[in-house]
Amino acid sequence: MFPRDFAWGAGTAAYQIEGGWQADGKGASIWDTFTHEGGRVFGEQNGDEACRSYELWDEDLKCIETLGLTHYRLSLSWARLLPDGNTRHVNQKGVEYYNKVIDDLLACNVSPMVTLYHFDLPQALQDQGGWKSAGTATLFDSYAKFCFHTFGGRVKLWITINEPYVCAKLGHEDGTHAPGLKEPGTAAYLVGHNMLRAHAMAWHSYDSLYRAQQEGAVSLAINSDWLEPLNAGCAEDIAATERLLAFTLGWFAWPVFVTGDYPEVMRSAIDAQSEKSGYSSRLPSFSKDEPAILGTADFFALNYYTSRKVKQGGGCGEKLCMKSDRDAGEVLDPSWPICGVSWLAVVPQGLRKLLKYIKNNFNNPAVYVTENGFSQVGRLQTEDVQRAEFYKDTIAEVAKALQEDEVNVRGYFAWSLLDNFEWADGFSVRFGLYHVDFADAKRKRTIYRSGREYAKIISKNRCGQS
């Protein structure tokens with residue numbers, strides 16, 4: 001069913017699981033600040049302790065071994081390694097922690113996929129302008145080089161930045177994620193631009209300084225829904241779908257995989273709205289004096305959760321905002337079941353369609369599905385039959401993409417290994433293959449039925465059975 005070397009993984013992120021927010025010299029991150037300000041997160045919850053993985057890593061490793069994962073995706077806390085965000089002060093305790101995690105994984109024949117940035121900018125850098133500042137890209141490159149130098153001999157798969165779209169839009173347009181800025185129509189484009197610059201710098205640093213010796217691969221994780229027209233015969237809905245794909249998937253994939261610049265439909269839409277409002281263009285341009293963006297991904301890392309139908313319209317009146325720039329409304333098909341949170345319609349076939357789209361539009365890259373999952377809210381159900389079926393159905397769609405559509409899919413990572421701190425939803429939303437009891441000081445981990453079923457799928461495929 002799957003190649004013998006297919007990567008079977010699960011993912012986590014530092015702020016969502018580690019806890020130990022002040023432990024052993026760690027600096028504060030923007031999520032520490034954001035959650036402590038209050039009024040931002042469900043139930044005033046925060047990641048101060050989370051799953052306590054900083055102390056309980058050995059428990060996480062047992063979970064990984066029980067599932068039979070071949071790969072584990074983790075993120076490094078920039079502020080745990082470099083409390084001030086720069087390399088002048090290195091927190092050796094942080095280095096020791098991640099050394100142990102990586103060494104333990106390798107000792108268990110599990111390959112780490114390491115993300116350098118998963119939403120948690122050091123607060124010290126936010127105080128200097130954060131991702132709105134061009135200089136943050138240079139500081140990220142220094143951080144990346146530090147990590148490549150320190151851990152790179154043992155890491156073959158790197159993600160520079162996770163979901164720059166989410167960081168830009170939710171953090172700087174909507175204000176629902178850290179740092180909580182609401183600067184519609186302007187800040188998100190600047191932030192996305194600086195994240196792409198940071199990614200490209202780090203990729204070039206790896207390519208020139210470390211690749212020959214370490215023989216790893218570097219990319220960035222791009223999130224996207226599958227989108228299709230609400231009315232397949234309506235030219236306006238078709239155009240709106242293409243435009244929305246350009247503003248989501250294309251925003252970050254087009255510069256890296258296709259042209260070295262933003263999609264033309266995205267730039268022209270923003271410029272048209274800018275002209276109406278008396279602004280010059282709000283979408284920055286890449287400088288020829290900086291490292292090239294095009295070609296700075298050794299594989300395509302895709303985070304997929306759901307799908308949408310798209311129709312023309314959906315702006316925010318006369319105001320300057322991303323919604324007006326996109327001029328596209330999203331609609332849920334009533335036939336799609338909803339799992340847990342209201343936005344998460346279960347559409348496994350959307351992943352296959354999106355994988356085929358990536359093959360056809362981004363030069364047939366090697367693809368890792370770096371996040372995909374199903375949420376649970378309300379009453380705890382460890383016998384989570386629906387989620388178990390979801391994984392079975394979704395992995396069957398990945399198999400079709402691989403075998404029938406000939407997409408070069410190299411791996412699949414479930415989100416998440418553990419129930420964890422789900423950003424603005426706090427602990428109210430559970431994505432784990434393992435339930436974590438947050439009322440228990442020892443954060444007892446208990447495998448869900450979906451975890452057992454995922455382990456069976458992995459075992460069958462690793463043994464070469466279909």
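Which ring does the charged end of Arg387 sit over? The ring belongs to Tyr448, and the charged end of Arg387 is 4.6 Å from its centre.

## About the model

This is a predicted model, in which local features need pLDDT of at least 70 and side-chain atom pairs count only at pLDDT 80 or more, while totals for chains, interfaces and linings use all residues. Residues are numbered from 1 along each chain as its sequence is written, and side-chain values use heavy atoms, with hydrogens and water left out.

## Charges over rings

Let us stay with Arg387 and Tyr448 for a moment. A charge sits over a ring if NZ of Lys or CZ of Arg is within 6 Å of the ring centre and within 35 degrees of the ring normal. Another arginine also fits the description: Arg80 lies over the face of Tyr54, at 4.1 Å from the ring centre.

## Strand E3 and its neighbours

Helices (H or I, at least four residues) and strands (E, at least two) are DSSP runs, numbered from the N terminus. Strand E3 covers residues 111-117, and 6 of its 7 residues are buried, so the strand is largely enclosed by the rest of the structure. Buried here means under 20% relative accessible area, against over 50% for exposed and partly exposed in between, using a 1.4 Å probe and protein chains only.

Two strands pair if DSSP finds at least two bridges between them. Strand E2 (residues 71-75) runs parallel to E3 and is joined to it by 5 bridges; here Arg73 stands opposite Met113. E3 also pairs with strand E4 (residues 157-162), again in the parallel sense, over 4 bridges. In that pairing, Thr115 of E3 faces Ile159 of E4 as its opposite residue.

## Strand E7, buried on both sides

In a regular strand the side chains alternate between the two faces of the sheet. Strand E7 (residues 300-303) offers a neat view of this: Phe300 and Leu302 point one way, Ala301 and Asn303 the other way, and all are buried.

E7 has parallel partners too. Strand E5 (residues 217-223) is joined to E7 by 3 bridges, with Ile222 opposite Leu302. Strand E10 (residues 367-371) pairs with E7 in the parallel sense over 4 bridges, and Tyr368 in E10 is the bridge partner of Ala301.

## The E6-E8-E9 sheet and its helices

An open sheet of 3 strands has the order E6-E8-E9, with mixed pairing. Strand E6 (226-229) and strand E9 (328-331) stand at the edges with a single partner strand each, so one side of each is left without a neighbour in the sheet. On average, neighbouring strands of this sheet are turned by 40 degrees against each other, direction ignored. Strand E8 (residues 307-312) pairs with E9 in the antiparallel sense over 4 bridges, where Lys311 has Gly329 as its bridge partner.

Helices H10 and H13 meet this sheet. H10 lies across E6, E8 and E9, running at about 125 degrees to E8. Helix H13 (residues 348-361) packs on the sheet as well, touching E6 and E8, and its direction makes about 90 degrees with that of E6. Contact means heavy atoms within 4.5 Å; axes are lines fitted to C-alpha atoms, for helices over the stretch in contact, and angles run from 0 to 180 degrees between N-to-C directions.

## Aromatic pairs

The structure holds 44 aromatic pairs. Rings of Phe, Tyr and Trp (its six-membered ring) pair if their centres lie within 6.5 Å; planes under 30 degrees apart count as stacked, over 60 as edge-to-face and the rest as tilted. Trp31 and Phe421 have ring centres 6.2 Å apart and planes at 75 degrees, so the pair is edge-to-face. This pair links distant parts of the chain, 390 residues apart: Trp31 is in helix H2 (residues 30-36), and Phe421 is in the loop between strand E11 (409-415) and strand E12 (434-436). Trp31 is buried at 0% relative accessibility, and Phe421 is buried with a relative accessible area of 0%.

The rings of Phe257 and Phe300 have centres 4.8 Å apart and planes at 25 degrees, so this pair is stacked. Phe257 is in helix H10 (residues 235-257) and Phe300 in strand E7, 43 residues apart. Phe257 counts as buried at 11% relative accessibility, and Phe300 at 0%. Elsewhere, one aromatic cluster is formed by Phe2, Phe6, Trp8, Phe374, Phe390, Tyr391, Tyr412 and Tyr454.

## Cysteines

A disulfide is a pair of cysteine sulfur atoms within 2.5 Å, and by this rule the count comes to 0. The sulfur of Cys63 has its closest cysteine sulfur in Cys51, 9.7 Å away, too far for a bond. Cys147 is in no disulfide either, with the nearest cysteine sulfur, that of Cys167, 16 Å away. Cys63 is buried at 4% relative accessibility, and Cys147 is buried at 0%.
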